[in-house]
Amino acid sequence: MRLLLALVLVGLAALILAFLQSTTPSYAVLTGPIETIGRQKDAVSSRTFRIKVHKIICAKTLAFTRYGKPIERQTEGVWVIASVELQTRQETMKIQAAAIEGASGRLYRQSHRADGAPGLVSTKTLQPGLSSTGIIIFELPEADAHDITLVVSKQPSPQLDSEIRVKLNQSAIEIRDRAEIGDNGV
């Protein structure tokens, strides 16, 4: 009888341990980003920085001047340009990672095809307490350009660091054939 009771207890302990192991989050989840979620109309603050999305523009053609030479970029998909205001809280920092999460759930990182455009956030250094405005440019398939979320963080794949996700208002997105970027934005 004692042997049977011991086997039942060992079996029960094994089942409990298997359940605990299968429900324990992975290391990537435990050390992943500390997400703050907000809407486009709000200034969204994390513990390290704050972002306010002023406007979103979708266009087929992107035009800007780089080193005095006019540049025009076209796409088979759509350019998404986010005009934002950023402010860091405690330390000097750069926003090195920005992405758009499309309707399919895929992430589209900021486009390097628009490097050199005036006012890019990726070229700015944020100082504590001082607001800085700029733009972030993405290129994505037109089918994925609805129901989008802006994802911004200090570094790519942040671990135990702030990441802000801003749900963009589809009805507030401005649609244009051509978006011209100047020194004062879009």
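How many of the 22 residues of H1 are buried? In this predicted model, the number is 0, so the helix lies largely in the open.

**Helix H1**

Helix H1 spans residues 2-23. From its first C-alpha to its last, H1 reaches 32 Å, close to the 32 Å expected at 1.5 Å a residue. Ile-16 is placed in this helix. With a relative accessible area of 45%, Ile-16 falls between the 20% and 50% limits and is therefore partly exposed. A separation of 48 Å lies between the C-alpha atoms of Ile-16 and Thr-92, which are 76 residues apart along the chain.

**Nonpolar cores**

In soluble globular proteins, nonpolar side chains tend to be buried together. The largest nonpolar core of this model holds 29 residues, of which Ile-51, Val-80, Val-84 and Leu-150 touch the most other members. Strands E3 (49-66), E4 (69-88), E5, E7 (132-140), E8 and E9 each give two or more residues to this core. Beyond its neighbours within four places in sequence, Ile-51 is in contact with ten residues that can be listed in full: Asp-42, Ala-43, Val-44, Val-84, Glu-85, Leu-86, Leu-150, Val-152, Ile-164 and Val-166. A second, separate core has 14 residues, including Leu-62, Trp-79, Leu-120 and Ile-137.

**The loop between E2 and E3**

Thr-48 is found in the loop between strand E2 (43-45) and E3. Its relative accessible area is 12%, under the 20% limit, so Thr-48 counts as buried. Not counting residues up to four places away in sequence, Thr-48 touches Thr-88, Arg-89, Met-93, Asp-161 and Ser-162.

The two residues for which accessibility is described above are set side by side here.

| Residue | Place | Relative accessible area | Class |
|---|---|---|---|
| Ile-16 | helix H1 (residues 2-23) | 45% | partly exposed |
| Thr-48 | loop between E2 (43-45) and E3 | 12% | buried |

**The largest pocket**

The largest pocket has a volume of about 160 Å³. Its lining consists of 15 residues, and those closest to the pocket centre are Leu-107, Arg-109, Ser-157, Pro-158 and Glu-163. Two or more lining residues come from each of the strands E5 (97-101), E6 (107-109), E8 (149-153) and E9 (162-167). Strand E5 gives the most, with 4 residues. By class, the lining comprises 7 nonpolar, 4 polar and 4 charged residues.

Notes: Residues numbered from 1 in each chain as written. Predicted model: local features only at pLDDT ≥ 70, side-chain atom pairs only at ≥ 80, totals over all residues. Heavy atoms only, no water. 1 Å grid on protein atoms, 1.4 Å probe; cavity = no way out; pocket = protein on both sides within 12 Å on 5 of 7 lines; lining within 4 Å. Points joined across faces, edges and corners; volume = space filled by probe spheres on them. Nonpolar A, V, L, I, M, F, W, Y, C, P; charged D, E, K, R; others polar. Buried < 20%, exposed > 50% of the residue type's maximum accessible area, 1.4 Å probe, protein only. Core = buried A, V, L, I, M, F, W, Y, C linked by side-chain atoms within 4.5 Å. Contact = heavy atoms within 4.5 Å. Expected span 1.5 Å × (residues − 1).
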